[in-house]
Amino acid sequence: MVEPVPERLDFPLAEEEVLKLWKQLNAFQTSLKQSKGKTRYSFYDGPPFATGLPHYGHILAGTIKDIVTRWAHQSGFHVERRFGWDTHGLPVEYEIDKTLGIKGPGDVARMGIDKYNEACRGIVMRYAGEWKDIVTRLGRWIDFDHDYKTLYPWFMESIWWVFRQLYDKGLVYRGFKVMPYSTACSTPLSNFESNQNYKDVQDPAEKREMTKIVCTGKYVCMYVCIYAYIHTLIHTCNNFGHVPTDNTTDKVYIMMEARLEALFKKPEEYTILDRLKGSSLFGKGYKPLFPYFSERKKSGAFRIFVDGYVTTETGTGVVHQAPYFGEDDYRVCLANDVISRDGAVVCPVDASGCFTEEVTDFKGQYVKEADKNIIQWLKQQGRLVNQGTYVHSYPFCWRSETPLIYKAVPGWFVRVEPLVEKLLHNNSQCYWVPAFVKEKRFANWLRDAHDWAISRNRYWGTPIPLWVSEDYEEVVAVGSIEELYKLSGVRVKDLHRESVDHITIPSTRGKGVLKRVTEVFDCWFESGSMPYAQNHYPFENKKEFEDSFPADFIAEGIDQTRGWYVKLCLEILSTALFGKPPFKNLIVNGLVLAADGQKMSKRKKNYPDPMDVVHKYGADALRLYLINSPVVRADSLRFKEDGVRDVLKDVFLPWYNAYRFLIQNVIRLEKEDGMTFVYNADTVVSSDNIMDRWILSFTQSLIQFVTQEMAAYRLYTVVPRLVKFVDMLTNWYVRFNRKRLKGDGGTEDCLRALETLFSVLFSMTQVMVILHLLANEKSVYKNLYSTNTYLAVRQTACNIATISIPMAVKDLIDQQIERSVSRMQSVIEVSRVIRDRKTIPVKYPLKELVVIHQDQQCLDDVQSLESYILEELNVRTLTSSSDKQKYCVKLVAEPDHRVLGARLKQAYKSVQKAIRELTDQQLQVSLIMGAN
């Protein structure tokens with residue numbers, strides 16, 4: 001028997017009661033045991049850092065992952081879902097550096113790597129408990145007890161194996177690369193990391209200086225970055241040069257004609273002596289501005305070269321080159337043999353961003369703070385023409401919020417460029433939602449992929465397993481703990497630096513002992529190794545991994561630039577190791593912004609605390625608000641708490657009220673007629689009521705649609721249709737059948753209506769588990785389950801999250817009835833609008849409703865439901881006609897202001913005018929052509 005339900009439901013409280021029940025039943029683990037032996041559905045969950053609390057971006061990603069994996073489980077697959085923790089890398093080290101006041105590598109050396117890493121280990125799981133509580137409160141099913149952490153020795157050992165495979169394939173090499181460099185953290189960053197934190201700054205760095213071309217006596221006027229200028233070896237001239245005379249000093253300068261304004265305020269201040277091509281200066285030498293590296297003139301430095309990257313927008317058309325402090329500089333100097341890939345690096349800036357002893361006048365000064373002293377020095381030497389400041393966008397360290405520099409960093413690289421074609425091919429084998437991200441954004445990144453710098457000069461991470469001789473001529477790559485033991489005689493239980501740095505390996509070439517290189521892996525290399533390392537592959541679970549690789553599904557946020565880097569890492573490692581893509585299907589979500597469109601910021605406090613929202617409205621309401629938004633199409637969402645409230649008000653409350661109305665009338669029927677209401681799909685009598693047949697058909701069509709779209713991972717089509725269903729059920733079926741459900745048409749008619757509503761609610765409760773998970777179990781499923789005697793249902797677990805998704809019953813689908821009701825709804829909705837515009841309330845009866853349409857089938861459909869239309873609109877007669885002229889009806893076109901205005905901008909007014917001037921005949925032709 002059904003149990004009475006309260007008039008009001010406290011959704012957050014009901015959710016918490018369900019969570020307690022799940023915990024008592026050990027529901028998640030029980031579901032995994034039940035599905036053991038079924039076809040496996042593999043899923044990779046990228047690990048978060050536990051040094052901070054979850055935000056809306058985490059909740060969105062977790063919700064998408066939970067929906068897809070739940071659907072897979074309830075569709076008959078075995079889906080393991082393991083939580084992972086990203087425990088290494090700069091976020092952890094930076095927290096320790098702040099806490100302990102560590103300024104650079106020297107401080108770590110004095111402290112000891114063992115103590116430093118122990119301090120890091122102590123904070124990596126700082127918020128692990130809160131993460132588990134929040135994720136669980138949100139209703140997500142994922143295994144925390146069998147998690148993986150990137151600091152586990154077995155995880156790190158698999159990373160060693162991955163690296164060893166790359167090394168054996170000839171894909172690893174040692175080299176130098178100009179990279180974004182954080183002086184605060186003493187480490188290089190990837191371009192992906194540096195691109196995520198640009199700020200507008202006012203910088204005194206660019207000045208006009210002059211230096212003399214040796215063979216002509218003329219001065220070349222440059223617009224350069226001062227601190228890089230100290231390390232200048234050459235400079236590059238644009239394709240067109242100009243020779244003006246400064247009328248105030250009689251000095252002759254060579255500079256770009258288009259940039260004369262950079263030096264002269266008025267035309268009277270200069271005289272043009274000659275014009276020449278920039279290429280005519282190619283190879284000419286000049287006198288260095290600073291004496292620090294003058295000896296390199298013998299090796300080809302301090303000459304002029306030509307390159308297309310010098311533009312006409314800024315500067316003087318001439319720019320100094322600092323080959324080890326700029327990517328373009330490095331490329332130009334390398335192409336002109338000023339430097340070589342294996343030559344000595346000229347890099348007089350230390351790990352903390354201070355000038356070294358080679359720069360005697362500014363030794364020990366931080367490069368960003370030396371500007372004033374450098375300007376003063378140039379003035380004293382008579383080399384400064386003028387100076388100024390300018391505002392420009394500049395990259396900052398995403399962790400320390402300090403400005404980055406570009407600096408040549410020695411390190412270890414993985415060759416990516418030879419893999420580009422395979423990467424593009426493998427990417428084409430993957431299915432992305434939405435598709436444009438795969439075809440444009442990510443594919444473009446793959447086409448431009450460069451060799452991957454995988455090493456970092458840090459401490460808390462997985463050590464790179466390379467043991468080398470002092471001259472680097474003998475290199476041994478180690479791929480496992482056992483291999484290290486065989487080579488060194490030392491057995492270790494942990495693989496962090498303090499455990500392996502002291503281990504040496506005897507040389508096989510008479511070079512003494514080999515020592516481990518000091519670098520650790522970039523933490524994104526660890527993330528890219530996650531598919532293998534989480535299973536300790538190939539040391540354990542070999543068959544399990546190979547049977548489930550590539551993953552069936554992953555999810556990623558389009559806003560996470562570093563996250564895209566993880567995908568790039570996944571692609572590179574999977575392609576290099578197995579020649580396969582790492583995943584089959586990927587959903588890309590957009591960015592959750594604050595209500596004002598700005599990035600959510602703890603400092604600005606421009607968003608509500610997620611758990612406050614959950615406690616106020618419930619986790620289901622928050623989850624549905626997030627996934628029924630543009631973010632599931634990789635667009636942005638401006639988060640508004642009112643939106644979560646509206647989900648509760650407009651979706652969950654109507655759904656609950658429809659269920660409560662059913663239970664109220666079942667109890668009434670049992671009391672008044674002395675019968676017990678039970679539902680059995682095998683014995684239920686088919687209803688001949690057209691609205692019963694419509695809602696049953698609509699429900700089965702929806703189940704069919706959801707099954708089809710979920711298989712295509714299109715949440716952005718599924719969720720709106722499920723939300724629309726609630727409106728169809730409550731505002732159309734229940735509204736139109738209230739009297740029948742109350743028994744006004746007799747017991748048999750009432751029973752047919754109740755069975756219909758019961759069938760629809762029970763079926764859709766199972767389908768809508770992906771939206772309305774927690775409170776649905778408490779408020780709806782348990783009660784309906786107790787009344788359902790259908791054998792196929794009774795044999796399943798009495799838990800909404802473990803029952804199978806129902807298959808669509810195609811025999812119940814009637815497209816003609818669905819079409820007829822849809823057209824009836826259109827007539828009613830348009831008529832309501834007309835009443836509102838004419839301020840004629842529905843309580844006032846009208847004599848006639850005329851429906852005009854060119855399609856006779858449409859008119860027949862409407863006429864077949866005449867009784868519903870007349871009653872709903874309070875009209876006495878319904879007339880249908882295809883004769884527009886008889887009723888003086890004309891078609892009028894009205895532009896969509898919001899859509900067209902956003903697309904056309906200033907052109908909208910003229911288009912709006914043209915649309916409104918379209919005649920009835922033109923619109924009729926357009927309709928006919930559109931139909932064809």
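Strand β17 (residues 431–433) and strand β26 pair in the parallel sense over three bridges; strands pair if DSSP finds at least two bridges between them. Strands (E, at least two residues) and helices (H or I, at least four) are DSSP runs, numbered from the N terminus.

The model is predicted, with local features needing pLDDT of at least 70 and side-chain atom pairs counting only at pLDDT 80 or more, while totals for chains, interfaces and linings use all residues. Residues are numbered from 1 along each chain as its sequence is written, and side-chain values use heavy atoms, without hydrogens and water.

**Exercise 1.** Find the bridge partners of Tyr431, Ile554 and Ala555 in β26.

Solution.
- Step 1: Tyr431 has Asn585 as its bridge partner.
- Step 2: Strand β25 (residues 554–557) runs parallel to β26 (residues 585–589), joined by four bridges.
- Step 3: Ile554 is the bridge partner of Leu586, and Ala555 stands opposite Ile587.

**Exercise 2.** Sort the residues of β26 and β25 by the way they point, and state whether they are buried or exposed. Buried means under 20% relative accessible area, exposed over 50%, and partly exposed in between (1.4 Å probe, protein chains only).

Solution.
- Step 1: From β26, Asn585, Ile587 and Asn589 point one way, and Leu586 and Val588 the other way.
- Step 2: Five of the five residues of β26 are buried.
- Step 3: From β25, Ile554 and Glu556 point one way, Ala555 and Gly557 the other, and all are buried.

**Exercise 3.** Classify the ring pair Tyr41 and Phe77, then the pair Phe43 and Phe553. Rings of Phe, Tyr and Trp (its six-membered ring) pair if their centres lie within 6.5 Å; planes under 30 degrees apart count as stacked, over 60 as edge-to-face and the rest as tilted.

Solution.
- Step 1: The count by this rule is 49 aromatic pairs.
- Step 2: Tyr41 and Phe77 are tilted, because their planes stand at 55°, with the centres 5.9 Å apart.
- Step 3: These two residues are 36 residues apart: Tyr41 lies in the loop between α2 (27–35) and α3 (56–74), Phe77 in the loop between α3 and β1 (82–85).
- Step 4: Tyr41 counts as buried because its relative accessibility is 8%; Phe77, at 30%, is partly exposed.
- Step 5: Phe43 and Phe553 are stacked, at 5.8 Å centre to centre and 15° between the planes.
- Step 6: Phe43 and Phe553 are 510 residues apart, and both are buried.
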